[in-house]
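Please open the structure in your viewer and keep the sequence panel beside it, since each stop on this tour begins with a selection.

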Amino acid sequence: MLEFRKSTFIILGGIALCIISFSLFMTLNFTVIQSYNDESNFKKTTCTVREVETQQMNNKEDWYKCPWKCTINHTPDGLKTFCELSEFPCLRIVVDVSTKNGLKSAILHESPEKYNKYPDCSTYYCDMDSVVNEKDVNRFRRQYGNIGDTYSCYFNADLLDSDYYYDDGQEHALLRLTYSTASYVNSLIWPSLCALAGIAVIIYGIYYRYNSRKSPY
């Protein structure tokens, strides 16, 4: 009876490892893996700053609104989200991107997340205090908005490397991607190793139970 309980605990431990592995994979699939696949067509290259557009930074009436704090409240019509708004100046840094077909112009963005939220701006910061946002945007401009500066960036190779691409200056380049190749590989390896360990433990538990039944003692 004792040996049967031991084997049961071993098998349950293996099943738990498999469940953990599946949970890890599902979580990483919706975060790292999907983001990496969405950005897999972006290729590393060099960008050279060609132009810095600051017109919308000078007039505060042209600043962009952004939600710095959101809460979910109960209303007679059900749950509704209410957001407190701040604002930030929109900076546009235009760069020349090195591609196999020569230099192509694009708007530089700090990250995919910031590009997806505000594609017209190179970056954004959304603190409660708009003065802090302005300081952060100006800091980014001083670091990456000097005409003639060259640094590493990423571009959409499916578009800018195409022989049929028309350069209208409305494409986008990224300073960095959301996840690196190492993050993507780790997100596949660790759930797989956890699943293999779980399967190995289950097999061992079954083997242990089988041998305990055969043993006369």
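The tour that follows goes through a predicted model, one selection at a time.

Begin with the strands β1, β4, β5, β7 and β6, which in that order form a closed barrel of five strands with mixed pairing. As you turn the view, note that neighbouring strands of this sheet are turned by 55 degrees against each other on average, direction ignored.

Staying with the barrel, select residues 92-99, which are strand β4, together with residues 102-109, which are strand β5; the two pair in the antiparallel sense over seven bridges. Which residue of β5 is the bridge partner of I93? If you label L108, you have found that partner. In general, strands of a sheet pair through backbone hydrogen bonds, either parallel or antiparallel, so the backbone is worth displaying here.

Next, move to residues 64-75, strand β2, and residues 78-88, strand β3, which run antiparallel and are joined by eleven bridges. Between β2 and β3 the chain passes through a hairpin of two residues, and further along the pair you can pick out T71, which stands opposite F82 in β3.

For the last stop, select residues 181-214, which make up helix α6, and find I199 within this helix. Is I199 buried, partly exposed or exposed? I199 counts as partly exposed because its relative accessibility is 44%, which lies between the limits of 20% and 50%. Now add V185, I189, W190, L193, L196 and I203 to the selection, and together with I199 they make a nonpolar surface patch of about 670 Å².

Key:
Residues numbered from 1 in each chain as written. Predicted model: local features only at pLDDT ≥ 70, side-chain atom pairs only at ≥ 80, totals over all residues. Heavy atoms only, no water. Pairing = 2+ DSSP bridges. Helix = DSSP H or I, 4+ residues; strand = E, 2+ residues; numbered from the N terminus. Axes fitted to C-alpha atoms, helices over the stretch in contact; angles between N-to-C directions. Patch = residues over 30% accessible without salt bridge, like charges linked within 9 Å, V, L, I, M, F, W, Y side chains within 5 Å. Areas by Shrake-Rupley, 256 points an atom, 1.4 Å probe, with all protein chains shown as cover. Salt bridge = Lys/Arg side-chain N within 4 Å of Asp/Glu carboxyl O. Buried < 20%, exposed > 50% of the residue type's maximum accessible area, 1.4 Å probe, protein only.
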